[in-house]
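Here is a short briefing for a first look at this structure. Take the ligand site first, then the backbone, the strands and the helix.

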Amino acid sequence: MLLKMILAMDLDGCIGKDDGLPWRLRADMLRFKRLTVGEGHNAVLMGRTTWESLPEAYRPLSERLNIIVTRNEEYSVDGAYACLSIEKGLGLAEENSSDICWIIGGANVYEQCRELVDEVHVTMVETNQSGEVRVGLFTEDNWEKETVEIIPADDQNEHDTTYMILRRRS
Ligand SMILES: NC(=O)c1ccc[n+]([C@@H]2O[C@H](COP(=O)([O-])OP(=O)(O)OC[C@H]3O[C@@H](n4cnc5c(N)ncnc54)[C@H](OP(=O)(O)O)[C@@H]3O)[C@@H](O)[C@H]2O)c1
């Protein structure tokens, strides 16, 4: 099973605002779905806060094994598995023969998984100070960066964005 991370951040590393996303970026949402669904045998692992931030109509995320991490032993929701640690969540994805387990946030979970992944799919949102939830920028020079697509702002995409793939240098 491959382990990959996917996130959208602004130039300051902001990823969230008031427990939601700070922006409306349709092209990014479509890419997120296309990549995380993949061939239809993938898992998505997320923190409990991110799960609760998903609009009800979109959860569980379709065609993906949804794994939530929480330290609350009582936590239970329809359509997703709750796991008490990231290791248990990854184990569950593996047991279900997932091709890829995508780490989909939020900040707390991204930071804990940073050293575990060799590939990070970043949508760089070309704006600043979007919100109070932040992650570290991937400035270390052990990441090789491939810019894949630049999408200008329009009526469905609030900001210019640059989609890039970061691969850990071995
Ligand atoms: N821009 C993006 O790409 C993107 C993607 C995803 C999310 N977001 C944003 O990020 C924000 C949420 O991020 P966040 O950092 O506040 O929360 P989060 O990472 O989504 O969830 C944190 C929660 O996950 C559980 N958790 C974390 N580590 C754990 C571990 N090792 N073992 C067991 N449980 C663990 C805990 O839940 P309990 O408290 O239940 O124990 C913790 O409170 C929202 O604003 C969301 O919109 C942005």
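Ala, Val, Leu, Ile, Met, Phe, Trp, Tyr, Cys and Pro count as nonpolar, Asp, Glu, Lys and Arg as charged, and the others, Gly among them, as polar. On that basis, the shell around the ligand holds 12 nonpolar, 13 polar and three charged residues. Keep in mind that this is a predicted model.

**Around the ligand**

- The ligand has 28 residues around it.
- Gly16, Gly47, Gly105, Gly106 and Asn108 come nearest to the ligand.
- Three strands each supply at least two residues of the shell: S1 (2–10), S2 (14–16) and S3 (42–47).
- Helix H2 (48–53) and helix H4 (107–113) also supply at least two residues each.

**Cis peptide bonds**

- Glycine 105 and glycine 106 are joined by a cis peptide bond, with omega near -5°.
- Both glycines are also among the residues that come nearest to the ligand.
- Glycine 106 sits in the loop between strand S6 (100–103) and H4.
- A cis bond also links arginine 59 to proline 60, with omega about 0°.
- Proline 60 belongs to the loop between H2 and strand S4 (64–69).

**Positive phi angles**

- Glutamate 63 is not a glycine, yet its phi is positive, at about 60°.
- The loop between H2 and S4 holds glutamate 63, and proline 60 is placed in that loop too.
- Is glutamate 63 buried or exposed? Glutamate 63 is partly exposed, because 13 other C-beta atoms lie within 10 Å, and a residue counts as exposed at 12 or fewer.
- Glutamine 129, also not a glycine, has a positive phi of about 50°.
- Glutamine 129 is in the loop between strand S7 (119–125) and strand S8 (133–134).
- Glutamine 129 has 12 other C-beta atoms within 10 Å, so it is exposed.
- Serine 97 comes just after H3 and takes a positive phi of about 60°.

**Strand S1 and its partners**

- Seven of the nine residues of S1 are buried, so the strand is mostly covered.
- S1 and S6 run parallel, joined by four bridges.
- Within that pair, lysine 4 stands opposite tryptophan 102 of S6.
- S1 and S7 also run parallel, with six bridges between them.
- There, aspartate 10 has valine 125 of S7 as its bridge partner.

**Helix H3**

- H3 covers residues 86–95, and its buried residues are Gly89, Leu90 and Ala93.
- Seen down the axis of H3, these buried residues fall within an arc of 95°, so they line one face of the helix.
- The face turned away from that buried side carries the exposed residues Glu87 and Glu95.
- What covers the buried residues of H3? The cover includes S3, S4, strand S5 (81–83) and S6.

**Aspartate 99**

- Aspartate 99 is placed in the loop between H3 and S6.
- With 13 other C-beta atoms within 10 Å, aspartate 99 is partly exposed.
- Leaving out residues up to four places away in sequence, aspartate 99 touches Met1, Leu2, Gly38, Glu39, His41 and Asn42.
- Aspartate 99 and glutamate 115 are 16 residues apart in sequence. In space they are 20 Å apart, C-alpha to C-alpha.

Conventions. Residues are numbered from 1 along each chain as its sequence is written. This is a predicted model: local features need pLDDT of at least 70, side-chain atom pairs count only at pLDDT 80 or more; totals for chains, interfaces and linings use all residues. A residue is near a molecule or strand if its C-beta atom, placed from the backbone, lies within 6 Å of it. A residue is buried if 20 or more other C-beta atoms lie within 10 Å of its own, exposed if 12 or fewer, and partly exposed in between; C-beta atoms are placed from the backbone. Two strands pair if DSSP finds at least two bridges between them. The arc is that of the directions from the helix axis to the C-beta atoms. Two residues are in contact if their C-beta atoms, placed from the backbone, lie within 7 Å.
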